[in-house]
Amino acid sequence: MYFKQITTEGLGCYSYVIGCPAAGQMAIVDPKRDIQDYLDISREEGMKITHVINTHVHADHVGGEQELKSITGATLFIHENAKVAYPHTPIKEGDTFTIGSVKLEFIYTPGHTPNAISILVTDMVRGTDPWMILTGDLLFVGDIGRPDLPGNEILDEQVENLYNSLYVKLGNLPDYLEVFPAHGQGSLCGKGMSAKPSTTLGYERRNNPMLKFESFKKFKRKVLESFPARPKSFTHIIETNFKGAPLLERCPLDKAMNPERFKQIMDKGATVIDVRDAAGFGGFHIPGSINIGLEKQLANWVGMVVEPNADILLVVNSKQDYDRMCLELHRIGYDNIFGYLLGGISSWLLSGYPVKSLAQKSTWDLQEAIQDEREFILLDVRTPDEWNSGHVKGAIHKPLALVLEEGLQVEKETPVIVMCGSGYRSNIVGSYLQNHGHTHVCSLAGGALAWSRSGNELVK
């Protein structure tokens, strides 16, 4: 048996290649939209891609099943409850098929979604017992899948399904089974996931707190305590995956634009994403642009800030940065990318168009402002867990997602210093507040990390 886990950095997605070299066939489970990794393995290992399986309809990334079918002609499989609009072969509880010496058996395990499956994998060359289980978004390393994404109207049903899938369906399986989930650290489909990419069922039973409840009532109470922020992109991604994603070749052509053409499209309502680092954006940027720098989880932040159907323009430092950003955007279904500013922000400046700045305050500047008792708001946009672990005395707390949803209810002329963990999210929020009329906004460079490293206290 051939088995390989493919990691999509940033989104925390795992996909899987399972095949039989002797038979020359392989299956892809939960593929990402950019499919070159799978095509490379197919070519290098001499196995044809014959099966493409989704464990559920994904909410955080656009699947690659349409791309794979277009190129390889593979058959697409998903649970019969999914009711997707594209041609596929429905699968149900107890279905099995073989790929050479590999046996795949499907278990219906709803809870994260109503259409979720897990897959038992058996290498029949070694024995008749299953070796591993692909759990989709049911069971992660250190956590379980969130049940709220399909909607509040079926949330109670989803929590009950989640409990039954974890405690009854998986409860009947042996401890030795290796567990390979569809997501890991960085994903918003759960919380508190380990960076380790796999585990065993027995280890999770002993050490995963979500598998240790004595009753459904206690389980439900804990599950409903809180959920990670839901990016606005999730609804769009779910709809795209139900319909079947358009092939990437149909997306707008990439264009390098001079400042005049760039401004024309911007003036028609396009969203400008500036992917430079905080210092570069802080120095000069195009008025109305939003700063989402190139870092591992940038796709999640785009999904929080930018409308899924927006026309997008990019400000980058290089064509390489542009290509990477396009890859990340396509993964979450943001396909209306019209191009980038040729020559970067320098060409904009030299064209005489207006610019803005977002001041970057050091921890020493903040210390001085506090000591001098100046009138300003210190806005901490980290998550509740980060805030509770330690924050600057006198700060107010409003997580990034809530600021984007509600804004900031203060006079637009009020001085605001935005802080986060490192200065990345504070620039997102700072640029957002600027674009919504706040005139005295700055960002704390280095965030809470720089504050504590410079010898200052974080209170709880």
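Student: In this predicted model, is Tyr167 buried, partly exposed or exposed?
Tutor: The relative accessibility of Tyr167 is 21%. Buried means under 20% and exposed means over 50%. Since 21% falls between these cut-offs, Tyr167 counts as partly exposed.

Student: How does Tyr163 come out on the scale, buried or exposed?
Tutor: Tyr163 has a relative accessible area of 16%. The cut-off for buried is under 20%, so Tyr163 is buried.

Student: Which helix holds Tyr163 and Tyr167, and how far apart are they in sequence?
Tutor: Both tyrosines lie in helix α3, which covers residues 155-169. About one turn of the helix lies between them, a spacing of four residues.

Student: What kind of aromatic pair do Tyr163 and Tyr167 form?
Tutor: Their ring centres are 4.4 Å apart and their planes meet at 15°. Planes under 30 degrees apart count as stacked. The angle of 15° is therefore what makes the Tyr163 and Tyr167 pair stacked.

Student: Which residues make up the cluster of ring pairs that includes Tyr163 and Tyr167?
Tutor: Three phenylalanines are linked with the two tyrosines through ring pairs. The cluster is Tyr163, Tyr167, Phe213, Phe216 and Phe219.

Student: Which residues does Gln158 contact, leaving aside neighbours within four places in sequence?
Tutor: Gln158 is also placed in helix α3. Its relative accessibility is 1%, so Gln158 counts as buried. With those neighbours set aside, the contacts of Gln158 are Gly111, His112, Thr113, Pro114, Pro147 and Pro150.

Student: How many aromatic pairs does the structure hold, and what type is the pair of Tyr16 and Phe180?
Tutor: The total is 13 aromatic pairs. For Tyr16 and Phe180, the centres are 5.9 Å apart and the planes stand at 80°. An angle over 60 degrees is the criterion here, so this pair is edge-to-face.

Student: How many residues apart in sequence are the parts that the Tyr16 and Phe180 pair ties together?
Tutor: Tyr16 and Phe180 are both buried. Tyr16 sits in strand β2 (residues 13-20), and Phe180 sits in strand β11 (residues 178-181). The pair therefore ties together parts whose separation in sequence is 164 residues.

Student: What is the distance from the sulfur of Cys13 to the nearest cysteine sulfur?
Tutor: The structure holds zero disulfides. Cys13 is buried, because its relative accessibility is 4%. The nearest cysteine sulfur belongs to Cys189, and a disulfide needs the two sulfur atoms within 2.5 Å. The distance for Cys13 is 7.2 Å.

Student: Which residues touch the most other members of the largest nonpolar core?
Tutor: That core has 71 residues. Helix α9 (residues 298-305) gives the most to it, with six residues. The residues touching the most other members are Ile292, Leu314 and Leu379.

Student: Which cysteine does Leu314 touch?
Tutor: Not counting residues up to four places away in sequence, Leu314 touches a set of residues that includes Phe262, Ile273, Val275, Tyr322 and Met325. A cysteine is also on that list, and this cysteine is buried because its relative accessibility is 6%. The cysteine is Cys326.

Student: What distance separates the centres of domain 1 and domain 3?
Tutor: The domain assignment gives domain 1 as 2-233, domain 2 as 251-351 and domain 3 as 359-454. Taken over C-alpha atoms, the centres of domain 1 and domain 3 are separated by 38 Å.

Student: Which feature does UniProt place at residues 266-357 and 372-460?
Tutor: Residues 266-357 are 39% helix and 16% strand, with end C-alpha atoms 19 Å apart. Residues 372-460 are 36% helix and 16% strand, and their end C-alpha atoms lie 23 Å apart. For these spans the unreviewed UniProt entry gives "domain: Rhodanese".

Key:
Residues are numbered from 1 along each chain as its sequence is written. This is a predicted model: local features need pLDDT of at least 70, side-chain atom pairs count only at pLDDT 80 or more; totals for chains, interfaces and linings use all residues. Side-chain values use heavy atoms; hydrogens and water are left out. A nonpolar core is a set of buried Ala, Val, Leu, Ile, Met, Phe, Trp, Tyr and Cys residues joined through side-chain atoms within 4.5 Å. Buried means under 20% relative accessible area, exposed over 50%, partly exposed in between (1.4 Å probe, protein chains only). Helices (H or I, at least four residues) and strands (E, at least two) are DSSP runs, numbered from the N terminus. Contact means heavy atoms within 4.5 Å. Domain bounds come from an automatic or database domain assignment. UniProt positions are given in the numbering used here, feature names are shortened, and annotations may be inferred rather than shown by experiment. Rings of Phe, Tyr and Trp (its six-membered ring) pair if their centres lie within 6.5 Å; planes under 30 degrees apart count as stacked, over 60 as edge-to-face and the rest as tilted.
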